[in-house]
Amino acid sequence: MYSQVLDNSSKEFKVFGKTSLKDRATAKGLMYGAAAVQDDLVSNKDLKTSFIRECNMLVPDYQLKWDKIRPTSKKFDFTKSDWLAQFAQSHNMLFRGHTLVWHQALPVWFQEVVNCKNAENFLLEHITTVTKHYRGRIHSWDVVNEAIEPDDGRTDSLRKSPWLEFLGVDYIELAFRTAAATDPKAMLVYNDYGLEYDNPKDEAKRTAILKLLERLKSRGTPIHGFGMQSHLMGHQTGLNAKKLRNFLADVASLGLKILITELDVIDQKLTSDPIVRDRIVAGIYEDYLNIVLDERAVIAVLTWGLSDKYTWVSNFFPRSDKSPVRPLPLDSNMKSKLAWNAIARAFDHAPKR
Ligand code: XIL
């Protein structure tokens, strides 16, 4: 069943020295960071120490999403996201914002309250309030997340989201313009997933995303970057270096920077032996990063979490044998795994920006 996966059994993933991921990244003009949750950093000292050691960028895993900062239609609550912003600042990490416009994580009241008459006001108010709150403290904003879904069957491949339904196709441009008006210094990013592999579905997404980015640029929209989430599947084959590099080069040719925003390697369908699993996962980390870091427009790599103890994969992609998932660079005791070596090796191997 797993024979299609690269055989890494003889690969040693050797790394020279103990230099942290952030320092290896910095040496190449790159940044390395991870997604975090305030409660985890507070309750687990070892996680906190590891974060400070490894990362020079931090992004809230969910504590900046609509349902977390909008308890009611009239209130904003920045308590947890502020803690994360402060933590990042006091440990010399850049802070990313995720995310201003998404079809998911909308509060329960959203469905009751928001309609096509008031949706524009809600969108503008939300973006203005949140970007103003963090003005001057944000490296980059995922302004719009996951707006493309070719399977929804529209000719423009836009996802049938509440925002599209209420505001029409220009909601994306409106979101970027609103964010830029309030925080003209932040890097404004379009972020999406499911485009990394060489198959018709991912290909359709790459094509549609490129079209969207071209359209936004041609209309003078203030967009500065593309975020490629990169939730990779441990059991999936079909990383096509040439196609991926061509896609990244096309994005870069629009004058956009590229960020790998949510990297992890999902081990849901891999063999139960954790040693073998770790090798396969590490192999994918290294192969993938070697491909994408070849493109000089790629400026940052963020993993979606740092330790296997705290990962969305446990809930969203659990294993059928019930054993703990192992998608991230550190294990659940904050010990570095082969995936850490793989990332370190890819940074060491990357051309300098
Ligand atoms: C996930 C979080 O990690 C979970 O904790 C949350 O409950 C659901 O969302 N793409 C994204 C992220 O853009 O916001 C998602 O994060 C993972 C997929």
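# Notebook: cores, helices and the ligand site

**Core first.** I started with the largest nonpolar core, which has 106 residues. The residues with the most contacts inside it are F51, L58, W141, Y190 and L293. I then asked which element gives this core its largest share, and it is helix 12, residues 274-292, with nine residues. Apart from this core lies another one, of eleven residues, and I noted A35, M187, I299 and L302 among them. Note to self: this is a predicted model. The general background is that nonpolar side chains tend to be buried together in soluble globular proteins.

**F51 up close.** What does F51 touch, leaving out residues up to four places away in sequence? I found A34, A35, A36, L41, L58, M93 and L306 on its list. L58 is also one of the residues with the most contacts inside the largest core.

**Helix 5.** I checked the length next. Helix 5 has twelve residues, and its first and last C-alpha atoms are 16 Å apart, close to the 16 Å expected at 1.5 Å a residue. Its buried residues are S81, L84, A85, F87 and A88. I looked down the axis to see where they point: they fall within an arc of 160°, so they line one face of the helix. As for what covers them, I listed strand 1 (31-36), helix 2 (38-43), helix 3 (45-54), strand 2 (57-60), helix 4 and strand 3, among others.

**Just past helix 5.** N92 comes just after this helix and takes a positive phi of about 55°. I flagged it since N92 is a residue other than glycine. N92 is in the loop between helix 5 (79-90) and strand 3. Buried or exposed, at 68% relative accessibility? N92 counts as exposed, because the cut-off for that is over 50%.

**The other positive phi.** M334 also caught my eye: its phi is positive, about 70°, although M334 is not a glycine. I found M334 in the loop between helix 13 (313-316) and helix 14 (338-349). M334 has 9% relative accessibility, so it counts as buried. So I have one loop residue that is exposed, N92, and one that is buried, M334.

**Helix 7.** I ran the length check here too. Helix 7 covers residues 119-133, and at 1.5 Å a residue its 15 residues should span 21 Å; the end C-alpha atoms are 21 Å apart, which agrees. I wrote down the buried residues as A119, F122, L123, H126, I127, V130 and T131. They cover an arc of only 130° around the axis, which puts them on the same side of helix 7. On the other side, N121 and K132 are exposed. The buried residues pack against helix 4 (66-69), strand 3 (94-101), helix 6 (108-113), strand 4 (140-145), helix 8 (162-167) and helix 9 (171-182).

**A cis peptide.** I went through strand 3 and stopped at T99, which is found there. The peptide bond from H98 to T99 is cis, with omega near 0°. H98 turned up again when I moved on to the ligand.

**Ligand site.** Which residues come nearest to the ligand? Of the 13 residues around it, they are D61, K65, H98, E262 and W304. I then went after N and O atom pairs. The W304 side chain has an N or O atom 2.9 Å from an oxygen atom of the ligand. For N145, the distance from a side-chain N or O atom to a ligand oxygen atom is 3.0 Å. With E146 the ligand atom is a nitrogen, 3.3 Å from an N or O atom in the side chain.

**D192.** E146 also sent me to D192, which touches it. D192 lies in strand 5, residues 187-192. With 0% relative accessibility, D192 counts as buried. Leaving out residues up to four places away in sequence, D192 touches E146, A147, I148, K205, I209, F226, G227, M228 and Q229.

**A241, last entry.** I located A241 in helix 11, residues 241-253. Its relative accessible area is 25%, so A241 is partly exposed. How far apart are A241 and Y171 in sequence and in space? I got 70 residues in sequence and 33 Å from C-alpha to C-alpha.

Note on methods
Residues are numbered from 1 along each chain as its sequence is written. This is a predicted model: local features need pLDDT of at least 70, side-chain atom pairs count only at pLDDT 80 or more; totals for chains, interfaces and linings use all residues. Side-chain values use heavy atoms; hydrogens and water are left out. Helices (H or I, at least four residues) and strands (E, at least two) are DSSP runs, numbered from the N terminus. The expected span of a helix is 1.5 Å times one less than its number of residues. Buried means under 20% relative accessible area, exposed over 50%, partly exposed in between (1.4 Å probe, protein chains only). The arc is that of the directions from the helix axis to the C-beta atoms. Contact means heavy atoms within 4.5 Å. A nonpolar core is a set of buried Ala, Val, Leu, Ile, Met, Phe, Trp, Tyr and Cys residues joined through side-chain atoms within 4.5 Å. A residue is near a molecule or strand if one of its heavy atoms lies within 4 Å of it. A polar contact is a pair of N or O atoms within 3.5 Å; within protein, one must be able to donate a hydrogen and the other to accept it, and residues adjacent in sequence count only if both atoms are side-chain atoms.
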